[in-house]
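Here is an informal walk through a protein model, meant to be read with the structure open beside you. Take it section by section and click along as you go.

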Amino acid sequence: MKRLLLGLLGLVLLVLIVGAGALLLVDANHFRPQIQASLGQALGREVTLGQLHVSIWSGSLDADEIRIGDDPAFGDKPFVSAKSLQLGVKLWPLLLHRQVQITSLALDQPMVRLVENRAGRWNFSNFGAGKTTAPAANASTAAPPAFSVDRLRISDGRIDLQRAAGDARSYRKVDLRADHVGLGAAFPFSMGADIAGGGSLKLDGTLGPWEAKNALLTPVEAHLVMQGLDLVGAGLMSSADGVGGVLDIDTRISSAKGVLTSKGGIDARQLKLVASGSPSPQPLRIDYQASYRLPDGTGRIEQGTLGSGGAKLAVDGSFDNRGKVIALDLRLRGQALPVDDLQPLLPVFGVVLPKDSRLSGGSVGVDLRARGPLDALVISGPVTLDNSRLAGYSLGSKLGGVLSLAGIKAPKDTVIRHAAATLKIAPSGIHADPASAEIVELGSFTGKGGMAVDGRLDFNMLVKLDRAIAGGDQASAGLLRNSKAGRLLGGVLGSASEHGVGVHVGGTASAPSFKVDPSAVAGLLGGGASRNSPAAETQPASKSTKQDALNSLLQGVLDSRKKQ
């Protein structure tokens, strides 16, 4: 038995030695024209191989380089080029019949060029279509051999993508694994890559059967995960527009007949959609369903939400990816959204609060439309705020003058009963027309104005004080009637309640300043005294008296501004 085993072992070794010797005697370059022709006929592109070598240990043919030509309509640069190619082959057909039967392909450091022309056609659209030239009269008219390998491997590759709009994107360290690859049936694949400018992607699923007439129509079922996608670095937004963000995406995609559908979620960090805003202080969540027409470059978003915690805006609309930057036309809606959960969204849309203040409690309603390129959106529509508190900011104390003269102490916080504005948020800033607010223990504000991209405010408001402040209650009325100055001040406050006071809001959003319009105040003094002061019914207030009151009022305003 021992001799038999030794004999079998020797026979095996002899076969291996003979096989290895036979491989060494094979001139690998003899098969190069055959391999080039076979691959070229199956792929529909010219294939050029470098010098071929036989690898005994791996049982493969190794090429120094490979070049797969592009569609002639896209120039003479190669569609795919790689430093080396390893072709796994069946050994016995190669040794006995000099036939090359490829079982696997492995490309090292390949570079792939994906190019779109002005007509919206890609250079890979007819990849795998076979030779399009007519065969010679004595040639076989059989269809080109179907491309099929057991394994396809790509390591450390690079994909450069150039769209007709002019934007370019690059993917580095591309690794691809696919098994049972063929153009006639679906096959599983797994791909990973780094995105130039920031981020990485991983795509797992099935691809095929390959649609040779138009590769965009090839069915795909896959799971896509992108981590750390930098919107500016990846070329999805312009760095010059002062916007940006970093996205983590987890979505399922399905493509059939040229329509790609996706459903998943996006976690957005440091998102900033308008130049006048600032990055979101905490991640925002976007859930969505979308459909995208690959040949047209257009799509729709359905049943989307954007927000944080319990405050989520409903999002739906369309998008157009034909330009250099994707263009959106979306509706963002929400009713009775909790303010506390909505805080992270405010800076994203350019809302800036006074320094060291924050909104607390209450609810927000919005019905906005966002249109334009992603990095230059124009967002417009009505916004309401109810029963909220601007903690850490006293609007009454900032108005100064009038309230302190009357001995009225302004509330520590600004309590907002109701506020409403029709907004237009654009790259140049924010405009509100009209804008109004009802402030508890203070009064109502109506007017219009805007905030520039650098935060400078320019609002003209009409302020009407509450009747209680203007002496409408008995205690205040008695206090104001105790002196001639009190009666004059009562007239001013009464007129401010009935007709309002003109106020200009300047400064910046983080440090607003308020200035009473002197001419408006002077008019109010005369009108208020004539209607509210009993003495004034028989004798109008003198010019000097009215000027003294006006000076005191304006001095109070100035003092309040100095303390800001």
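## The overall build

The protein has ten helices and 28 strands. Keep in mind that this is a predicted model. Of the 564 residues in the protein, 44% are buried. Looking at contacts with a separation of 6 or more, 54% are between residues 24 or more positions apart.

## The largest cavity

How many cavities of 30 Å³ or more does the structure hold? There are four. The largest cavity has about 1,400 Å³ of space in it, and 45 residues line that cavity. If you want to find its centre on screen, pick out Val-351, Val-352, Leu-353, Ala-419 and Phe-459, the lining residues closest to it.

Which strand gives the most to that lining? Strand β23, covering residues 414-426, does, with seven residues. As for the chemistry of the lining of the largest cavity, 40 of its residues are nonpolar and five are polar, while no charged residue takes part.

## The nonpolar core

In soluble globular proteins, nonpolar side chains tend to be buried together. Here the largest nonpolar core has 122 residues. Within this core, Leu-332, Phe-349 and Phe-445 touch the most other members. At least three residues of the core come from domain 1 (26-126 + 148-181), and at least three from domain 2 (394-522).

Phe-349 is a good one to click on. Setting aside neighbours within four places in sequence, Phe-349 is in contact with Leu-273, Val-274, Leu-306, Leu-332, Ile-379, Ile-425 and Ile-430. Leu-332, you may recall, is another of the core residues that touch the most other members.

## Val-89 and its partner across the chain

Now over to strand β6 (residues 84-89), where Val-89 has its place. Is Val-89 buried or exposed? Val-89 counts as buried because its relative accessible area is 10%, and the cut-off for buried is under 20%. Gln-101 is twelve residues away from Val-89 along the chain, yet the C-alpha atoms of the two are separated by 5.4 Å.

## Backbone oddities

A few spots in the backbone deserve a look. Start with the cis peptide bonds. One joins Gly-208 and Pro-209, with omega at about 0 degrees; Pro-209 sits in the loop between β12 (200-207) and β13 (220-230). Another cis peptide bond joins Asp-433 and Pro-434, where omega is also about 0 degrees. Pro-434 belongs to strand β24 (residues 429-439).

Then there are residues other than glycine with a positive phi. Asp-156 has a phi near 55 degrees, and Asn-387 has one of about 55 degrees. Here is where they sit:

| Residue | Strand | Relative accessibility |
|---|---|---|
| Asp-156 | β9 (residues 148-162) | 39% |
| Asn-387 | β22 (residues 378-391) | 58% |

Why does Asp-156 count as partly exposed? Its relative accessibility is 39%, and partly exposed covers the range between under 20% and over 50%. Asn-387 counts as exposed because its relative accessibility is 58%, and exposed means over 50%.

Terms used. Residues are numbered from 1 along each chain as its sequence is written. This is a predicted model: local features need pLDDT of at least 70, side-chain atom pairs count only at pLDDT 80 or more; totals for chains, interfaces and linings use all residues. Side-chain values use heavy atoms; hydrogens and water are left out. On a 1 Å grid over the protein atoms alone, a cavity is a set of points where a 1.4 Å probe fits but cannot get out, and a pocket is an open set with protein on both sides within 12 Å along at least five of seven lines; lining residues have an atom within 4 Å of a point. Grid points are joined across faces, edges and corners, and a volume is the space filled by probe spheres set on the points. Helices (H or I, at least four residues) and strands (E, at least two) are DSSP runs, numbered from the N terminus. Ala, Val, Leu, Ile, Met, Phe, Trp, Tyr, Cys and Pro count as nonpolar, Asp, Glu, Lys and Arg as charged, and the others, Gly among them, as polar. A nonpolar core is a set of buried Ala, Val, Leu, Ile, Met, Phe, Trp, Tyr and Cys residues joined through side-chain atoms within 4.5 Å. Buried means under 20% relative accessible area, exposed over 50%, partly exposed in between (1.4 Å probe, protein chains only). Domain bounds come from an automatic or database domain assignment. Contact means heavy atoms within 4.5 Å.
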